[in-house]
Each structure stands twice: as structure tokens, then as C-alpha cells.
Amino acid sequence: MTYFSFFTAECRVVWRRKQDIVNVLLFFTLVVALFPLGINPSVDFLAPAAGGIVWCAALLAILMTIESVFKDDFHDGSLEQWVVSGLFLPILMLLKIGVQWLAVILPLLLIMPLISQMVALPDESFWVLILSLLVGTPSVFLMGAIGAALTVSLKQGAMLVMLVILPFYLPVIIFATSAVQASQSGLPYHGFLALLLAMSLLSLVVSPFMTAIAVKASVN
Amino acid sequence: MRWVWFHKLGSPKWFFFWSKAWALPAFVFGLVCLVMGLIWGLAFAPPDYQQGDSVRIIYMHVPAAMLAQSAYLTLGISGAIFLVWQMKIAPMVIASLAPIGAVMAFIALVTGAIWGKATWGTWWVWDARLTSVLVLFFLYMGVIALQHSLDDMALANKATAIISVVGLINLPIIKYSVVWWNTLHQGATFTLTEKPAMPIEMWLPLLFTVIGLYSMVGGVLMWRMQTEILLREHRTNWVKEEVMNRGL
């Protein structure tokens with residue numbers, strides 16, 4: 001096994017399980033639909049809340065996918081193979097999470113024009129929302145991977161991952177929605193995006209190592 | 001100065017016997033200090049010139065909030081120690097301290113809400129300090145949940161250590177939330193390095209309650225760790241001897 005063969009294998013796995021990605025998008029859209037139906041469908045409510053609605057739905061959808069990211073690998077023994085393969089485990093983790101991120105985020109961005117119509121997002125904030133998703137979600141995936149790796153040996157780990165990992169997402173959602181809201185009121189939003197990027201970079205440094213430790217502990 | 005005693009703390013057996021001698025004195029000393037500070041603060045300290053008598057809740061609020069943060073810092077340091085040096089005692093610290101920390105964060109939140117109702121007119125605002133302490137409470141709950149749902153002890157130790165270390169990121173956010181964001185919550189009331197902004201008659205009882213609660217929690221932590229050590233080391237000979245000779 002090389003890094004490249006690992007990468008292509010991961011891509012192939014994602015490609016052959018397209019239905020999972022479709023499910024994530026459906027779940028995301030359904031959560032978004034809950035807000036107008038459950039609270040208030042008027043533009044007065046939706047426009048200021050749009051960024052928050054999209055981000056809440058995205059966080060939940062991502063957490064649902066990331067929770068099971070190591071499950072199959074754990075059950076078919078791939079995790080053990082990675083640990084003993086002689087390759088640097090944190091890099092494998094990074095590749096794995098990177099592939100997952102691309103597979104979920106690219107389709108999510110593609111349906112974003114549709115979603116932004118659903119939640120009456122003002123046009124001037126659209127690109128800010130896209131940017132905030134681009135720079136913010138890497139940290140969401142990377143942090144979630146730690147929780148997923150920790151609970152991979154449990155049958156019902158989803159609730160535990162939520163409980164353990166969601167607190168770490170609060171800063172992400174605060175800064176992401178602040179950026180969208182600032183752009184709506186014509187204020188500078190670059191600071192918020194920079195903070196999101198900083199969080200993603202920080203988790204890029206910390207998370208692969210922590211995930212690797214957790215994977216090793218789960219396998220033994 | 002000899003540091004041998006410090007290194008010995010890493011050994012469960014040594015810690016067990018050492019803490020057996022110190023737990024009760026620490027707890028009693030803490031309790032006396034806390035009760036003294038509370039009586040002094042609640043009954044004799046002067047009321048605040050702005051907030052009147054409602055300021056007296058500070059004597060419970062500030063010590064609990066300080067302990068909630070210190071306990072998490074200890075959790076994070078223990079987690080790092082365990083991940084790097086694999087010391088046996090570190091996961092025991094995490095397992096015994098997390099529930100205490102959660103209780104402290106909870107007390108800080110509840111007393112803060114009551115104080116907020118009296119002074120701000122609302123139980124809760126989405127202020128940076130309040131929210132980050134709420135997150136701290138959730139982090140504690142996450143650590144406890146992880147500890148209890150992983151049956152494999154080795155995995156549970158690693159998992160809680162990792163989450164404790166990662167959660168350290170929240171501490172500077174709590175600490176500086178009142179500096180970075182201009183919000184409703186007031187700045188730090190209690191620092192050891194600077195001259196207190198409040199009169200000494202109010203500051204001294206607060207000092208007593210803080211020292212008292214720290215010492216009390218220290219005693220409780222030692223007791224909880226003794227239980228934890230007995231549980232985890234029950235196969236070793238010294239535990240068998242100890243239980244045979246003195247009972248549980």
C-alpha cells in the first residue's frame with residue numbers, strides 16, 4: 001500500500017457508495033425545510049436567519065456522515081491494515097478525511113443556490129456563505145473525525161459523537177453566521193472568515209494526530 | 001529541595017497511601033475555610049454600592065467558576081501526560097475529576113443565572129462568558145459520557161485523554177471572553193497578581209471561600225481517586241493485602 005493507492009481506493013469507495021452522499025444532501029435539505037415550516041416562512045424571519053439555518057443543517061448533516069466514517073473500515077479490518085501498513089497513520093487519516101470532505105462539500109456547494117432561494121438568502125451574502133462553508137467545514141470534518149475514531153468500536157456511537165463533538169462546533173457556527181450577518185448589514189466580514197480559516201488550520205495540525213492515536217487505541 | 005515525593009505521586013500505590021493521610025485534613029480545612037468565608041461574606045461583609053446585597057452570591061459563584069476552569073485545566077494536563085508518558089495515574093485523575101468539574105460548572109451557571117436575574121433582570125443572555133462556560137459544562141459531560149460508554153478500559157483512558165486535551169482550547173476562550181467581546185458579564189473580580197478593586201472586607205471572605213473550595217475539592221478528589229485506584233488495581237497484591245487488613 002502506498003499513499004496514492006490508499007487515496008485512489010478511498011475515492012473509489014466513496015464513488016461506489018453514491019447513495020450515502022445523496023442521503024446526506026436529502027437530510028440537509030430536510031433540516032433546512034424544518035425552519036421555515038416550524039418557525040416562520042416569511043422573508044422577514046428567513047433572510048436574517050438564513051446563514052444560521054444553513055450552517056445548523058450542514059453541521060448536523062456532516063456529523064451524521066462523519067460519525068460512521070471509520071465504521072466499515074473497523075469491521076472489515078482495514079483499520080488494522082492501516083495501522084500495520086508502515087505508512088504514517090496521521091497522513092492516511094488526513095487523506096481519508098480529505099476525500100470525505102470533498103465528497104460531501106462539493107455536492108453541498110452545488111445545491112447551495114437552490115437552498116439559498118429556499119431560505120431567502122439575500123444575493124449579496126451568497127458568496128460569503130459559500131466562502132464560510134469552504135473555510136469552516138474542514139475543521140468540522142477534522143474535529144468530527146476524532147470523535148468518530150474514538151467511538152468506532154461502539155455499536156451505537158452516533159449519540160456519543162454528537163455529545164462529545166458538538167461543543168467544539170459552537171465557535172465555528174458563531175463565526176460563520178456572524179460573517180453572513182455582517183455581510184447582510186454591509187459590515188466587513190473578512191475577520192470572521194479569517195477566524196474560521198484559523199480554526200480549520202489549527203484542527204488540520206491537531207486532528208490527524210489525535211485521530212491516529214484514537215484509531216490505534218480502538219484497534220488494539 | 002528533593003523532588004522524589006513528586007515523582008512518587010505517579011505510582012498508584014504510593015498515591016493511595018499518601019492521599020489516605022491527606023484527604024481528610026484537606027477536606028476539613030477546606031470546609032472550615034469555606035464555611036467561615038461564607039458566614040463572613042453573607043452576614044458581615046458590606047453590601048456593594050451598586051448591586052446591594054445581591055452581590056453576596058459572588059461568594060459561591062466565583063469559587064465555583066474558578067474551580068470549574070482549574071479542574072478542566074487539570075484534566076487537559078493529565079490527558080497530555082497520559083498521551084505522552086502513559087502514566088497510570090493520569091486517567092484516574094480524569095475519571096475522578098470530571099464529575100467534580102461538571103458539578104462546579106453547573107453551580108457556576110446556576111448561581112450566575114440567579115445573580116443575573118437580580119442584576120441584569122434576566123436569567124440568561126447569550127453572552128460570550130456565559131456561553132463558553134455552558135460549553136465547558138458540555139465538555140465535562142462529554143468526557144463523563146465517553147468514560148462510561150467505552151467498556152474497554154484502555155480505549156476509555158485514551159479517549160477521555162484525547163477529548164480532555166482537545167477541549168483545552170475552550171479555556172482561553174472563557175478566560176478572555178470578557179476582554180475580547182464587550183458583553184454584559186463583568187471582568188475578572190478576583191486576581192492574585194493585582195491589587196483587588198473591591199474593599200478588603202469583601203475581598204478577604206472571597207479569598208477564604210476560594211481557598212476553602214479548592215482544598216475541599218482536593219480532599220474529595222483524593223477520596224474519589226482512592227476508590228478509582230482500588231477498582232483499577234484490584235488484581236495487585238498490595239490492594240489485596242490492604243483490603244484484607246483494613247477492609248474497604
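# A walk through chains A and B

Start by selecting B:Gln86, which sits in the loop between H3 and H4 of chain B. Before you go on, keep in mind that this is a predicted model. Colour B:Gln86 and check its backbone: phi is near 55 degrees, a positive value in a residue other than glycine. Most residues other than glycine have a negative phi. At 44% relative accessibility, B:Gln86 counts as partly exposed.

**Along H4 of chain B**

Now step forward into helix H4, residues 89–119 of chain B. Its 31 residues reach 44 Å from first C-alpha to last, close to the 45 Å expected at 1.5 Å a residue. Where does H4(B) bend? Zoom in on B:Leu97: the helix bends there by about 35 degrees, and a proline, B:Pro99, follows within four residues. Past the end of H4(B), pick B:Gly121, whose phi is positive, near 80 degrees.

**Two loop stops in chain B**

Go next to B:Gly52, in the loop between helix H2 (12–44) and helix H3 (58–85) of chain B. Show B:Thr119 along with B:Gly52: the two are 67 residues apart along the chain, and their C-alpha atoms are separated by 9.6 Å. B:Gly52 is partly exposed, because its relative accessible area is 22% and buried would need under 20%.

The other stop is B:Leu168, in the loop between H6 and helix H7 (170–180) of chain B. Leaving aside residues up to four places away in sequence, B:Leu168 touches B:Tyr72, B:Leu73 and B:Gly76. Add B:Ile77 to the selection too: it is 91 residues from B:Leu168 along the chain, with 8.8 Å between the C-alpha atoms. B:Leu168 has a relative accessible area of 24%, so it counts as partly exposed.

**Where the chains meet**

Bring both chains into view. How many residues does each chain give to the contact? Chain B gives 21 residues and chain A gives 21 residues. The area buried between them is about 1800 Å², and carbon and sulfur atoms give 89% of that. Highlight B:Leu155, B:Ile162 and B:Val166: they supply 28% of the area that chain B buries against chain A, more than any other three residues. To see the elements that give two or more residues to this side of chain B, select helix H5 (128–149) and helix H6 (153–167). Looking for salt bridges across the interface of chain B and chain A? The rule finds zero. Residue pairs in polar contact between the chains, both at pLDDT 80 or more, also come to zero.

**Over to chain A**

Select A:Ala120, in the loop between helix H7 (112–118) and H8 of chain A. A:Ala120 has a positive phi of about 55 degrees although it is not a glycine. With 22% relative accessibility, A:Ala120 is partly exposed.

Then follow helix H8 of chain A, residues 123–150. This helix has 28 residues and reaches 41 Å from its first C-alpha to its last, close to the 40 Å expected at 1.5 Å a residue. Stop at A:Gly136, where H8(A) bends by about 35 degrees; a proline, A:Pro138, follows within four residues. Switch on a surface and H8(A) turns out mostly covered, with 23 of its 28 residues buried.

Finish at A:Thr151, in the loop between H8 and helix H9 (158–184) of chain A. Is A:Thr151 buried or exposed? A:Thr151 is buried, because its relative accessible area is 2%. Not counting residues up to four places away in sequence, A:Thr151 touches A:Gly157, A:Leu160, A:Val161 and, from chain B, B:Leu146.

Methods. Residues are numbered from 1 along each chain as its sequence is written. Chains are lettered from A and ligands numbered from 1 in the order in which they are written. This is a predicted model: local features need pLDDT of at least 70, side-chain atom pairs count only at pLDDT 80 or more; totals for chains, interfaces and linings use all residues. Side-chain values use heavy atoms; hydrogens and water are left out. The expected span of a helix is 1.5 Å times one less than its number of residues. The bend at a residue is the angle between axes fitted to the seven residues ending there and the seven starting there. Buried means under 20% relative accessible area, exposed over 50%, partly exposed in between (1.4 Å probe, protein chains only). Contact means heavy atoms within 4.5 Å. Buried area is the accessible area (1.4 Å probe) that two parts lose on being put together, summed over both. A salt bridge is a side-chain nitrogen of Lys or Arg within 4 Å of a carboxyl oxygen of Asp or Glu. A polar contact is a pair of N or O atoms within 3.5 Å; within protein, one must be able to donate a hydrogen and the other to accept it, and residues adjacent in sequence count only if both atoms are side-chain atoms.
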